[in-house]
Amino acid sequence: MGELDRDQIDIRPSPAVAVIGRGRLGGALAAALGAGAPLGRGERPPPGTAAVILAVPDGAIAALAAELAPGPAVGHCAGALALDVLAPHGERFSLHPLMTLTREGAPAPLRGAGAAIAGSTPRAAALATALARRAGLEPFELRDEDRALYHAAASVASNFLITLEAGAERLFALAGVERRHAVPLVRASVENWAALGAADALTGPIARGDVATVERQRAAIATRAPELVAVFDALAGATRELAAR
Ligand SMILES: NC(=O)c1ccc[n+]([C@@H]2O[C@H](COP(=O)([O-])OP(=O)(O)OC[C@H]3O[C@@H](n4cnc5c(N)ncnc54)[C@H](OP(=O)(O)O)[C@@H]3O)[C@@H](O)[C@H]2O)c1
């Protein structure tokens, strides 16, 4: 292996990579990386560690980075943060799995997920890319100026979908229909979107141009769940725009 290759791909097996943070992501990421058990509060990576990944809450990253001895490359997993929070360290990177992990110990759905990568140097970016691949993630580079937009997109794709389903769940409950009966519908809708894209996945009265049915839906919500009328109106408008594409 030549000098350049060695510089670019010096990712030795565990314990060359250490994960700090024993929460939802830390446990899953450490397991996926084969990095051994994640480190807890006050624990520090052993000598010879090439990269340290801080899987701690966003608000704790800067203080923890400042406490770490210089040497290894230091990375965080926060979609919303740039690399300046890791300021004391020369080789800084970010590896943000585009995935939702709801609780510690849950099956880790990291394999095959995307991962937004950034590095303070080409070497740090190459390191983050190699680590993402090692964890079974599919890396893509993210520019600092696009980070807030990217994180907003992730919130819309995941968090807002949950908020939307909470609204649907309420309406189903008011109609006496159990939540479990909606699950195949929701899964099929997401799979259709994944396979076909939004425009071709859209079905229902708005896609069919059935204005009278949509009016009846709106009137029922206004009577039985008025707190959801604003959401219904906003989404009906956005759905009309989608259907018109
Ligand atoms: N969960 C997700 O779906 C997800 C997805 C992508 C990216 N992320 C990112 O991953 C990072 C971690 O999120 P998370 O959801 O895994 O958080 P979490 O479940 O709340 O876990 C955070 C862990 O960090 C520990 N911790 C806090 N301060 C520490 C310190 N100074 N030293 C060592 N450990 C410390 C906490 O310990 P205590 O319990 O003692 O406080 C806790 O075990 C965040 O940057 C988040 O944005 C999360």
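**Two domains and a ligand**

Okay, so domain 1 and domain 2 bury about 450 Å² between them, with 72% of that on carbon and sulfur atoms; buried area here is the accessible area (1.4 Å probe) that two parts lose on being put together, summed over both. On the side of domain 1 that touches domain 2, we have 5 nonpolar, 3 polar and no charged residues.

Quick word on the source: this is a predicted model, where local features need pLDDT of at least 70, side-chain atom pairs count only at pLDDT 80 or more, and totals for chains, interfaces and linings use all residues. Residues are numbered from 1 along each chain as its sequence is written, and side-chain values use heavy atoms, with hydrogens and water left out.

Where are the domains? The domain assignment, automatic or from a database, puts domain 1 at 6–142 and domain 2 at 149–243. Their C-alpha centres lie 36 Å apart. The contact (heavy atoms within 4.5 Å) takes 8 residues from domain 1 and 4 from domain 2.

Now the ligand. It has 20 residues around it, each with a heavy atom within 4 Å; the closest are Arg24, Leu25, Arg41, Asp58 and Leu101. Which distances do we get to the ligand's oxygen atoms? For Asp58, a side-chain N or O atom is 2.6 Å from a ligand oxygen. For Arg41, a polar side-chain atom lies 2.9 Å from a ligand oxygen. Gly23 uses its backbone: an N or O atom there lies 3.3 Å from an oxygen of the ligand. Taken alone, the ligand exposes 900 Å², and the protein buries 74% of that, going by Shrake-Rupley areas with a 1.4 Å probe.

Conventions:
Ala, Val, Leu, Ile, Met, Phe, Trp, Tyr, Cys and Pro count as nonpolar, Asp, Glu, Lys and Arg as charged, and the others, Gly among them, as polar. A polar contact is a pair of N or O atoms within 3.5 Å; within protein, one must be able to donate a hydrogen and the other to accept it, and residues adjacent in sequence count only if both atoms are side-chain atoms.
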